[in-house]
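Work through the following exercises on charged side chains with the sequence and the structure in view. Each task is followed by a solution that goes step by step.

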Amino acid sequence: MEFLYKELNTGSKYNKRIDNTEIPDYITKNLSQIFETRPYQKKAFSRFIYYLENDNFEDKQNKPYSLMFNMATGSGKTMIMAGLILYLYKQGYRNFLFFVNSTNIINKTIDNFINICSSKYLFNKNSISFDGKIVNIKQVVNFEDANNDDINICFTTIQKLHSDIYVEKENSLTIEDFKEQKIVFISDEAHHINTKTRKQTEIASLAKPSWENTIERIFTQNLDNILLEFTATLDYEHKNIAEKYKPKVIFRYDLREFKDDKYSKDVNLLRSDLSDENRILQAVILNQYKQDVALKNGINLKPVILFKAQKLIAESHENKAKFHNLIENLTSEQVLYIKESSSVRIIQKAFDFYEKSDISISHLQRKLQQNFAETNCISVNEENLEKKSLKKNDKNQLVEQQYILNSLEDKNNPIRVIFAVNKLNEGWDVLNLFDIVRLYKTRDSQKGKAGKTTMAEAQLIGRGARYSPFKINEDQDKFKRKYDKPNHKNELKTIEELHYHTIEDSKYISELKKALVESGIYDDENEYKQLDLKLKEEFKQTEFYNKTVVYGNEKKKNTYKKIQSFKDLGVSKNSIKFKLHSGKGQVTAAFDENDEEKNNIVIEGKDVELSNIPINVVKNSIAKNDFFKFNNLRKFFPNLKSNSCFISSKDYLSGLKIIFTGTEERLKNITNLDYLLAINDLLSVIKQEILGNLHDYYGTDDFLQIHRIKYKFTDVSLKINKNSERAISQSDFIKNKDWFVYDDNFGTSEEKKFVEMFARRIEKLHKKYKEIYLIRNERQFKIYDKKGTGFEPDFVLFLKQKENPGIVFQMFIEPKGVHLKEHDQWKEDFLIEIREKFKDKTLEYQSDKYRLTAVKFYSNKEENEFEKAFEGALFE
């Protein structure tokens, strides 16, 4: 049996609905508007909805349903939980049991789900509503008094849940709670509840109650229950675990994908041969440098640094005391020593930055003392909240400490330094951790394998690698890294990096790298190779290279200021059909051939404009639909003056009509109820059209962004998997082709096939064009469609006409395998749109004239069709 997620991966190539099911409004509108839903999160929602709404899955005959979301640390599992709670509420579920192995995670999740004042609250702070009805989210201790109109969530640890089931206590959950009502079980860090599965025999595991047995026992009490498991670490190598989860893992998005999609920081191991005191100071200087670089670029960032002890809390307290002593008594000479003795490039870059910013060593010393003062530090080594021996004041301090840890990114949170042992290895959500300092030298490896300590360190690094979002222009996605190669020399690259500071110990570094590679957050140096792509020297000497420009468009924030009608927004539907039922019918004998009563029901049609429908009926329909409330409409129709204008103007509702169909008698006697039901249907259609045309950004229609080729297309350094088809060089083929401007091509097989096809056409092209240059675009140049979605065409072709030497053609070209065409159809549509829009337009820059064009996708299998389109664009 194949894993469920693999089955869906395969199916999604042929069935778009699997990964592209529309996410209902009641999810998107009821989630926090602060957090944008990312593409992989939309895919996770889509797969769950598709699974629940389709019965063609082998294991779906076995109820109750149990599904697993295996998603990377930092990928937003808790937001997926919140969205699924909303979806399942709509399906009739009211009671939700959230359980995990740690009290710390419980408190953090309560904050995310219940505390509307929290900066990480996941639901809409204004209200949560379904079909116009306000719904509350309530925390309950059991489901006895659960309100059937609300979302009732019981938060508990797996330990307490296990105890409650086997030892009855007042107000605790009992087995009866799970028999009488359907419940959604939400298990976070679910890898902790596989004790039975890990054992060899079923008999041995059943002999003694375990967490896993407890969950199975209560989950199976009601066949309508649903179990949703979430973890970043599922052991696919363990035979029993793999077999258990094959029918359950509906979505897998591991740390490697998360990193490769640029949603994480880059991880760098900074090792140095310095004393502990100087390693601490070096880390503090780097951490401060990150803040100052951010501030210089208008980014409000407070980077945090973690000092980690190995095993004992006493060691961590000692580290804290040493740190405070160092900072309180810090001298300029100590800072200067780091500058003069450290050979680490990023440290020298920091000192260069301060020198260029006219910040002296003594000024830096004072800045460090101020920002890393004891009041800005916290120790998180106290006992667990569940310890009964803790006094009330101690518990209050721990609750406050947890609040501080969960709000490190908040502007009013002053903490810059954390001291810890192992408390933060799991369940800690932090975006602004930028440095981790390992303050011990011991290793616990055995036979060349990383030990538990090293694996825990790798896990902590994975948590710290969460990306701290920012952007400095509208062109950027604030949730993704922006300064990977070829932009890695930008000073802002440093706030896209997590540095793990350790001693210079080659064996330990090797073990840690191996653990990090296995986790997916660190690239295997033996798996990837660095490939340099350079412009040919002869091309750089040409006048074309030095003078020619490339045209692009801009991505801009959509304010909808120019929208003054449905048509302006792209709403094309101006009518719907509505059937009026007459109630007439007849009975005929199924097997009597002579019983052929004549069907004398004649259906006719009648167009009714909304302006001719009683206005009170129209207002009544609008009042029933929250989407058409005036305050909401103004978001995308900002020029709308009033609700009355929305109803009476031909640019909006008054310009629409309903085509009623029915018998002559019914058409003569259309009631107000008929009108109301028909308008409800019409508004539903218009709403979907409006939503389909809403987007936060847009690409400008005019391609007026001008860049000189010599500045836009430069030498590039690429990191490519050694086993990828892209790692295969094409230099032997293109090295003597003066029309190909780079010295190599590390494209896909389709992109290389295109270059070969182009070479066969060059002789014909030279009959009309005298200068021809094909430029490989390695993410250096981007254009934007009407929704503001960025697109980086693989090639930009330039051709200068012979007959009219002032005109330069600029063509966008995108090779694409047939199997990817459907997924990227919007790109081909955009290319064709560019072709049509600019085919009769000439753009002028200085003394040169340009004409933009594009062509449909190239694929080797459809090469003939491409050639016709290609030549049609250049020889028409």
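**Exercise 1.** Find which residue forms a salt bridge with Arg 279 in this predicted model, and decide how buried or exposed each partner is.

Solution. Begin with the charged atoms: Arg 279 pairs with Asp 276 in a salt bridge, and their closest N and O atoms are 3.0 Å apart. Next, locate the two residues, which both lie in helix 14 (residues 276-296) and are three residues apart, about one turn of the helix. Finally, turn to accessibility: Arg 279 has a relative accessibility of 1% and counts as buried because this value is under 20%, whereas Asp 276, at 26%, counts as partly exposed.

**Exercise 2.** Determine where in the chain Asp 435 and Lys 290 lie, and whether they are buried or exposed.

Solution. The side chains of these two residues, Asp 435 and Lys 290, meet in a salt bridge of 3.4 Å, N to O. The pair links distant parts of the chain, since Asp 435 belongs to strand 14 (residues 433-438) and Lys 290 to helix 14, 145 residues apart. Both Asp 435 and Lys 290 are buried.

**Exercise 3.** Describe the salt bridge between Lys 90 and Asp 131.

Solution. The closest N and O atoms of Lys 90 and Asp 131 are 2.8 Å apart. Lys 90 lies in helix 5 (residues 77-90), while Asp 131 is in the loop between strand 3 (129-130) and strand 4 (133-134), 41 residues apart. Lys 90 is partly exposed at 34% relative accessibility, and Asp 131, at 70%, is exposed.

Terms used: Residues numbered from 1 in each chain as written. Predicted model: local features only at pLDDT ≥ 70, side-chain atom pairs only at ≥ 80, totals over all residues. Heavy atoms only, no water. Salt bridge = Lys/Arg side-chain N within 4 Å of Asp/Glu carboxyl O. Helix = DSSP H or I, 4+ residues; strand = E, 2+ residues; numbered from the N terminus. Buried < 20%, exposed > 50% of the residue type's maximum accessible area, 1.4 Å probe, protein only.
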